[in-house]
Amino acid sequence: MNTHWIKEAARLEQSGIDFVMVSVLSIKGSTPREVGARMLVTANHSFGTIGGGHLEFKSIDSARQQLKQNQAQIVTQDFPLGATLGQCCGGFVTVLFETVIQPKFHLAIFGAGHVGRAIINCLSQMPCQVSWVDSRADEYPEHIPQHVNQIISDYPVDEIADMPENTYYLVLTHNHQLDLELSEAILKREDSAFLGVIGSKTKSARFKHRLRDKGFNKEQIAHMQCPMGEVEIISKQPGEIAISTLAHILKVRAELENKQNKAENTQIESLDIIDDVKSQEQSVKAESKTESK
């Protein structure tokens, strides 16, 4: 039996890509594949086959509909291989769908220039989902990692509305005015995990001044990191800027996760205290009833 799907599943998990494992669970009569045949389906690609034809087409469509629900689930679906499915095998196939939803770390990169490409190269082995936005189609490299969604947009600011909550944003376009407009739109959402803007201290001061003039408060403006990256690393080399920026993002992410874990632990401790108090109250009531008897 072909087990290449195991390596592909491991690669998808390493890259943080959601997928559905589609398997032939049972068969009756004449069918294109045997029990145990598998394929993996992502939002944009598929790997392997369960027999081809309309059966596979319908299975891929079902898998992608399940991915849109954004939750891990296991379901089965029956397919009679007759005229309605456009296959003349005449058999009957039950297909198993196992949806794998990865922990989300979403990064939105605006700009496909030298620094943008260097960051994408560094992200090739990181478990994350990336939206890579630029108006210039010819700036993108020929090969783009599977977990990177290439978005060619005449007006990149419009793409911000479709980004998920807690996205990590990097703004590094070829146009300072566009960088400012992107920064404004991201700050207005007030739900980003991080906003890094490429530039000098002079650019940072100019942007902060203009943001104040537009009514943004100190907390909102402080959320924008410009210059971006580790302050100890000063470089104009795209590769070094990319490493510095991603190192800073990973530190921010770790800090946010630690805060979240502490908050969850505090909540659990509070619930435990409440349960202990209720338990003590019940014990006192039980003792009182016993004494009264």
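**Exercise 1. A cis peptide bond**

In which loop does Pro227 lie?

*Solution.* The model examined here is predicted. Pro227 belongs to the loop between E11 and helix H7 (238-292). The bond that leads into this residue, from Cys226 to Pro227, is cis, and its omega is near 0°. Strand E11 (224-225), on the N-terminal side of that loop, stands at an edge of its sheet.

**Exercise 2. The overall composition**

Determine how many helices and strands the protein contains, and describe its burial, contacts and surface.

*Solution.* Step 1: the secondary structure consists of 7 helices and 11 strands.

Step 2: of the 293 residues in the protein, 41% are buried.

Step 3: among contacts with a separation of 6 or more, 58% join residues that are 24 or more positions apart.

Step 4: the accessible surface amounts to about 16800 Å², and carbon and sulfur atoms contribute 51% of it.

**Exercise 3. Helix H1 and its buried side**

Establish which residues of H1 are buried, how they are arranged around the axis, and what they pack against.

*Solution.* Step 1: H1 spans residues 4-15, a total of 12 residues. From first C-alpha to last, H1 reaches 17 Å, close to the 16 Å expected at 1.5 Å a residue.

Step 2: with buried taken as under 20% relative accessible area, the buried residues of H1 are Trp5, Glu8, Ala9, Leu12 and Ser15. These residues lie on the same side of H1, because they cover an arc of only 130° around the axis.

Step 3: the buried residues of H1 pack against three named elements: strand E1 (19-28), strand E2 (38-41) and strand E3 (46-48).

Step 4: after H1 comes Gly16, which has a positive phi near 75°.

**Exercise 4. The strands that H1 packs against**

Describe how E1, E2 and E3 are joined, giving the sense of each pairing.

*Solution.* Step 1: E1 and E2 run antiparallel and are joined by 4 bridges. Within this pairing, Met21 has Leu40 of E2 as its bridge partner.

Step 2: E2 and E3 also run antiparallel, joined by 3 bridges. Here Met39 stands opposite Gly48 in E3.

Step 3: the connection between E2 and E3 is a hairpin, with 4 residues between the two strands.

**Exercise 5. The parallel sheet and its helices**

Work out the strand order of the 6-stranded sheet, identify its edges, and place H3 and H4 relative to it.

*Solution.* Step 1: the sheet is open, its order is E8-E7-E6-E9-E10-E11, and the pairing is parallel.

Step 2: the edges are strand E8 (148-152) and strand E11 (224-225); each has a single partner strand, so one side of each is left without a neighbour in the sheet.

Step 3: one of the pairings joins strand E6 (residues 106-110) to strand E7 (residues 129-134) in the parallel sense, over 5 bridges. Phe110 has Val133 in E7 as its bridge partner.

Step 4: helix H3 (residues 114-123) lies across E6, E7, E8 and strand E9 (168-171), and runs at about 165° to E7.

Step 5: helix H4 (residues 176-189) lies across E6, E9, strand E10 (194-197) and E11, and runs at about 165° to E9.

**Exercise 6. Two positive phi angles outside glycine**

For Asn166 and Glu190, give the backbone angle, the location and the exposure.

*Solution.* Step 1: Asn166 is not a glycine, yet its phi is positive, at about 60°. Asn166 sits in the loop between E8 and E9. With a relative accessible area of 52%, Asn166 is exposed, the cut-off being over 50%.

Step 2: Glu190, likewise not a glycine, has a positive phi of about 60°. The loop between H4 and E10 contains Glu190. Its relative accessible area of 60% makes Glu190 exposed.

**Exercise 7. A loop residue against H4**

Is Val157 buried or exposed, and which residues does Val157 contact beyond its neighbours within four places in sequence?

*Solution.* Step 1: Val157 is located in the loop between E8 and E9.

Step 2: Val157 has 14% relative accessibility, so this residue counts as buried.

Step 3: setting aside neighbours within four places in sequence, Val157 is in contact with Leu178, Glu181, Leu182 and Ala185.

Step 4: Val157 and Leu182 are 25 residues apart along the chain, while their C-alpha atoms are separated by 5.5 Å. H4 comprises residues 176-189, and Val157 thus has its listed contacts there.

How values were computed
Residues are numbered from 1 along each chain as its sequence is written. This is a predicted model: local features need pLDDT of at least 70, side-chain atom pairs count only at pLDDT 80 or more; totals for chains, interfaces and linings use all residues. Side-chain values use heavy atoms; hydrogens and water are left out. Buried means under 20% relative accessible area, exposed over 50%, partly exposed in between (1.4 Å probe, protein chains only). Contact means heavy atoms within 4.5 Å. Accessible areas come from the Shrake-Rupley method with a 1.4 Å probe; for residues, only the protein chains shown count as cover. The expected span of a helix is 1.5 Å times one less than its number of residues. The arc is that of the directions from the helix axis to the C-beta atoms. Two strands pair if DSSP finds at least two bridges between them. Axes are lines fitted to C-alpha atoms, for helices over the stretch in contact, and angles run from 0 to 180 degrees between N-to-C directions.
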